[in-house]
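Colleague: Please put the model up, and then we can go through the contacts, the cores and the charged pairs.

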Amino acid sequence: MKKRPPGAGGLLSDGVWKLRGVTVRGREESLPPEARAWVALHDDGTATGDYGCRPFRKKAAVAAARLRLGEELAPLPPPTASPAAPVEGPGPCQPDSAAGEKELTDFEKKVEKVFQGKLSLSQERPHGETLLHLRNPLGDDLTFVQARGDDFFKRRWNLQAVTVYDGVGPDLAAGEQLYFDFHENGEVTGKLGCNDFTAEATFSGLHMFFREPVLTTDRRCGRQVMVEEADILKTLKKSLRYTYAAQAGRGSMTLTEDLGFPSVETGLMFSALRRR
């Protein structure tokens, strides 16, 4: 079994953390809407992430309640399977186009200034969420919320509903026969209500992309189940850029389209089942 890093009670093992808040000299900073700041700690002694838009990779040593960040390393190349960046709206930024955005670059500098040297680690769980605090010796604080825990690939994710903006669609007729099993090698297997399917999933920070979803069986079921199956397969084939959030222990996951306006924000809501 893979050894869990000791930091924050093992929470940093295979986790991806989204920046929720920044406090500098007692003042809470606003997060630019286009920022997608995150961090992940790895077993090879490195930390990767984005300060807001600009990627970083550093040497990192983790102890029970401490994180020590060292020299900057060359960032890893982005996944080759990533779709093209959106060209309109305030959606997720791209490092090449963000240099002239003063609000974003100022924010990144503040995050970078805190995220260096010796930091203390602590956690809290308000309202069922898992929050991670990284504080420097001056008391400046970076607060992260868990986007993916180390149990993500051990769960079966049952699709519960499709969302549009803040509205939730009707219950899906297939029930627990509509599920996704994500595997660490990037493969996705599961069932779309009637037929089995397979696809590829690429993770890039806070984003997830689906590739080459296909049905692998040819069964016929009730009309409503077949209509839902066709609609979900069509959605997966669009290869949308989703942000995802799947906290360990909460038993739920959301995928939200992250293409920026004027596109309609849609999403998928899942609950966790025991993988059989």
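**Contacts, cores and salt bridges**

Modeller: Leu255 touches Met208, Phe210, Tyr242, Thr243, Tyr244, Thr266, Gly267, Leu268 and Phe270, leaving aside residues up to four places away in sequence. Contact here means heavy atoms within 4.5 Å. This is a predicted model, in which local features need pLDDT of at least 70 and side-chain atom pairs count only at pLDDT 80 or more, while totals for chains, interfaces and linings use all residues. Residues are numbered from 1 along each chain as its sequence is written, and side-chain values use heavy atoms, without hydrogens and water.

Colleague: Which helix gives the most to the largest nonpolar core?

Modeller: A nonpolar core is a set of buried Ala, Val, Leu, Ile, Met, Phe, Trp, Tyr and Cys residues joined through side-chain atoms within 4.5 Å. Buried means under 20% relative accessible area, exposed over 50%, and partly exposed in between, with a 1.4 Å probe and protein chains only. The largest such core has 35 residues, and Phe180, Phe182, Phe210 and Leu255 have the most contacts inside it. With five residues, the element that gives the most to this core is helix H3 (residues 223–237).

Colleague: How many residues does the other core have, the one with Val39 and Phe56 among them?

Modeller: This core lies apart from the largest one. Leu134 and Leu142 are also among its members, and its size is 26 residues.

Colleague: Is Glu108 buried or exposed?

Modeller: Glu108 meets Arg54 in a salt bridge (3.9 Å, N to O), where the term asks for a side-chain nitrogen of Lys or Arg within 4 Å of a carboxyl oxygen of Asp or Glu. Glu108 lies in helix H2 (residues 102–114) and Arg54 in the loop between E4 and strand E5 (55–62), so the pair ties together parts 54 residues apart in sequence; helices (H or I, at least four residues) and strands (E, at least two) are DSSP runs numbered from the N terminus. Arg54 has 32% relative accessibility and so counts as partly exposed. At 5% relative accessibility, Glu108 counts as buried.

Colleague: Which residues do salt bridges that share partners join into one network?

Modeller: Arg54 also forms a salt bridge with Glu112, with the closest N and O atoms 3.0 Å apart. Glu112 is in helix H2, 58 residues from Arg54. Because its relative accessibility is 25%, Glu112 counts as partly exposed. The network joins Arg54, Glu108 and Glu112.
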